[in-house]
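Take a look at the assembly below. The tour starts with a single chain, then turns to a pair of copies, and ends at the DNA.

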4 protein chains.
Amino acid sequence: MQTLKEEVRNNICRAAVDEFWKKGFCNASMRAIAKNAGITVGNLYRYFKDKEDLFNAVIFETHARLIRYVKHNIGLMMNRPGKSFFEHMADTILAIRKENLRELIILFEGSRGTRYENVKEEVINMVEKFVNDEYLPGIKGFTKGLDPFISHVIASGFIEGLIMINKRYDDSCQLRRAISQFINFYFQNSI
Amino acid sequence: MQTLKEEVRNNICRAAVDEFWKKGFCNASMRAIAKNAGITVGNLYRYFKDKEDLFNAVIFETHARLIRYVKHNIGLMMNRPGKSFFEHMADTILAIRKENLRELIILFEGSRGTRYENVKEEVINMVEKFVNDEYLPGIKGFTKGLDPFISHVIASGFIEGLIMINKRYDDSCQLRRAISQFINFYFQNSI
Amino acid sequence: MQTLKEEVRNNICRAAVDEFWKKGFCNASMRAIAKNAGITVGNLYRYFKDKEDLFNAVIFETHARLIRYVKHNIGLMMNRPGKSFFEHMADTILAIRKENLRELIILFEGSRGTRYENVKEEVINMVEKFVNDEYLPGIKGFTKGLDPFISHVIASGFIEGLIMINKRYDDSCQLRRAISQFINFYFQNSI
Amino acid sequence: MQTLKEEVRNNICRAAVDEFWKKGFCNASMRAIAKNAGITVGNLYRYFKDKEDLFNAVIFETHARLIRYVKHNIGLMMNRPGKSFFEHMADTILAIRKENLRELIILFEGSRGTRYENVKEEVINMVEKFVNDEYLPGIKGFTKGLDPFISHVIASGFIEGLIMINKRYDDSCQLRRAISQFINFYFQNSI
DNA sequence: AATGAATGAGCATTCATTCAT
DNA sequence: GATGAATGAATGCTCATTCAT
């Protein structure tokens with residue numbers, strides 16, 4: 001049975017997200033993806049020239065949005081720190097998650113072996129920079145002699161936390177509430 | 001060279017920790033382990049029936065201690081909450097790390113594909129239980145209507161933070177100081 | 001664009017000659033041929049049932065002419081040996097080369113895996129027959145006890161030489177001069 | 001059934017020579033080689049790390065000898081041109097052929113895609129240089145205005161002829177006689 | 001006990017050929 | 001007539017595991 005091109009492409013991407021999500025890039029099997037997309041291996045390669053190309057197709061958009069948003073937030077905060085940076089970050093993740101939560105997780109947890117393997121680190125570093133330069137100095141008693149690595153750990157925990165909450169909830173109402181509570185807990189001094 | 005059985009076993013385990021630590025369970029190579037243990041593949045299989053068996057041998061003890069300690073801490077806190085639970089947890093990780101830091105990290109980050117793949121989740125769940133039952137109720141204003149999943153996220157961030165800091169420092173002095181600062185930040189209300 | 005059948009066929013053949021010439025039969029790609037002919041793979045198979053069929057179509061005429069000419073030359077020489085046989089052979093190659101040099105080379109150097117793979121051998125055998133029966137007996141001192149296989153080698157070297165020179169030069173003037181010099185060298189005794 | 005290492009290696013090399021000889025490097029199949037060597041693919045790769053490595057193993061010695069001999073001959077002739085250069089070349093091929101005729105042919109005709117693909121050209125160029133610098137100037141009437149490409153064709157025909165004769169005969173007596181006759185024909189003016 | 005040769009299924013990728021549209 | 005999506009077997013290569021010695 002002849003299927004429309006776009007439909008097949010979507011099937012492949014769906015199957016690819018599944019596979020990359022379960023196994024990560026390195027251990028994902030093109031055979032398995034083809035099978036779950038309901039096509040043959042040969043045909044898969046008509047749509048994507050190799051594994052990395054498929055990975056890229058599946059992750060590109062999400063990656064671009066993520067970087068764009070994070071940079072935007074940091075820019076925002078540097079100039080006019082009205083709303084909390086952390087709330088902006090949460091909004092970012094919320095904006096991305098709508099359709100791309102799994103892609104985001106693949107990006108962060110399953111991209112070893114691709115050109116994206118350092119993305120998580122980079123995002124954390126950006127947040128860390130903010131934590132270090134803007135957030136911590138505002139807290140009483142913390143700055144003196146604080147181990148600089150702590151900023152990194154905090155930034156990392158914040159990002160991971162956001163992702164976990166996003167993984168957990170589908171309902172956007174619950175989601176916002178949970179994120180808000182999380183930020184309150186995590187950065188309670190800034191409230 | 002005639003090697004005693006026990007010595008060979010130890011060599012294998014040493015090499016296996018190295019390999020699992022660098023590559024994780026899935027991508028670890030039995031050949032590489034045998035080579036680095038100074039024995040042949042065939043002989044490796046006399047000591048361990050398959051890859052999972054070897055993984056188990058290498059991780060079993062650490063896993064048992066981890067679970068034991070965590071349970072112990074939770075028991076402790078339930079009865080006499082003198083020292084902070086979180087400091088106990090930090091002590092636990094510190095106690096394990098002395099000889100088994102890498103095993104701990106393997107357990108948490110490289111056990112996908114084995115029966116241990118949910119250990120991190122389980123430990124987090126135990127910590128979460130404490131956070132939920134003992135810690136949060138003690139904080140003013142937070143408990144009412146708090147999303148229960150937040151406890152999970154907090155527990156998770158705490159564990160991940162401890163691991164990151166342990167990975168970062170070798171010097172036990174720096175380590176304790178960083179952990180202490182981290183706990184102060186993370187659970188600042190309990191100070 | 002509505003293309004006439006014959007024009008499409010010609011496009012395919014043109015593309016096929018290119019491809020077979022560059023890669024030989026075995027390594028030629030049907031996809032590449034279709035692409036360079038400006039049609040789709042599927043359509044290519046409407047014109048030619050498979051790769052060998054296409055090869056045949058492209059080479060058939062050239063092959064037929066080659067065999068015809070060589071036989072003709074031999075016939076000529078048997079009856080009236082005016083002009084040198086070797087010059088006739090050179091003329092043959094020259095006549096074919098005008099439009100079909102690449103087909104000739106494909107036939108001689110890229111037909112492995114097809115029914116034409118022995119053509120070179122066959123042509124050589126025909127020339128050999130002449131060398132043996134007509135040419136060598138005319139040379140003083142050579143015939144007695146001459147290894148019959150030498151005729152084969154000589155014939156082969158002659159054919160290969162003609163092809164090399166044809167590959168080398170496009171200008172028909174240079175070509176004739178080089179061929180003439182080659183024959184002079186190769187069969188100097190007959191001059 | 002457990003076979004000795006060296007025997008298996010030899011079986012592989014035998015099968016590889018067969019395959020490379022029939023198909024050339026590019027079209028040779030590692031599976032086919034393994035099968036004909038009576039082993040599995042996996043085992044083949046215990047002996048040779050990849051296709052090129054196997055090719056190299058099969059051809060290395062022959063290639064080294066060939067180059068060594070040819071250079072030696074050229075050196076010889078430049079200094080003391082007693083015995084004919086061409087006879088030296090013939091001796092070279094004879095020396096190699098004893099055990100390595102097929103390897104020699106693989107080197108000349110089936111090495112496309114490997115680091116050896118230009119060997120034939122290089123050998124021909126060396127011979128050509130001699131033909132051009134030493135041989136042709138000694139022939140009356142030929143040098144003036146002779147197309148320089150003719151030297152190349154002559155050198156090539158000589159090498160190909162030697163190989164053909166070698167392919168033909170196993171008996172070294174017949175072989176020497178044929179080669180001698182061939183040289184006499186090919187370079188009759190130098191006699 | 002130990003060796004390391006051997007197995008065989010798995011991997012990503014390519015390509016001549018077929019066929020529903 | 002023509003399209004190009006789809007097929008499936010083949011390619012080189014890897015690796016956990018087994019087994020004759």
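What follows is a short walk through a predicted model.

Start with chain A. It has 8 helices and 0 strands. Along the sequence, chain A therefore reads α-α-α-α-α-α-α-α. Of its 191 residues, 36% are buried. Now consider contacts in chain A with a separation of 6 or more. Residues 24 or more positions apart account for 62% of them.

Next, the meeting of chains C and D. Here 22 residues of chain D are in contact with 22 residues of chain C. Which helices of chain D each supply at least two residues of the side that touches chain C? They are α1 (5-27), α7 (148-168) and α8 (172-186). Among these, α7(D) gives the most, with 11 residues. By class, this side of chain D divides into 11 nonpolar, 7 polar and 4 charged residues.

How are the two copies related? A turn of 174 degrees and a shift of 0.1 Å along the axis lay chain D on chain C, with an RMSD of 1.0 Å. The two copies are thus related as by a two-fold rotation axis. In chain D, the C-alpha nearest that axis belongs to D:G157, at 2.4 Å. The interface residues tell a matching story. Of those in chain D, 100% are also interface residues in chain C, so the copies meet through the same surface.

Now turn to the DNA, beginning with strand E. Around DNA strand E there are 40 residues. Which of them come nearest? A:G42, A:D50, B:G42, C:G42 and D:G42 do. Several helices each supply at least two residues of this surface. From chain A these are α2 (30-36) and α3, and from chain C they are α2 (30-37) and α3. Chain B contributes α1 (5-27) and α3, while chain D contributes α1 and α3. The surface near DNA strand E divides into 16 nonpolar, 14 polar and 10 charged residues.

DNA strand F comes last. It is surrounded by 40 residues, and the closest are A:G42, C:G42, D:S29, D:G42 and D:D50. Again, look at the helices that each supply at least two residues. Chains A and C bring α1 (5-27) and α3 (41-47). Chains B and D bring α2 (30-37) and α3 (41-47). The classes near DNA strand F are 16 nonpolar, 14 polar and 10 charged.

Notes
Residues numbered from 1 in each chain as written. Chains lettered and ligands numbered in written order. Predicted model: local features only at pLDDT ≥ 70, side-chain atom pairs only at ≥ 80, totals over all residues. Contact = placed C-beta atoms within 7 Å. Helix = DSSP H or I, 4+ residues; strand = E, 2+ residues; numbered from the N terminus. Nonpolar A, V, L, I, M, F, W, Y, C, P; charged D, E, K, R; others polar. Near = placed C-beta within 6 Å. Least-squares fit on C-alpha atoms with pLDDT ≥ 70 in both. Buried ≥ 20, exposed ≤ 12 C-beta atoms within 10 Å, placed from the backbone.
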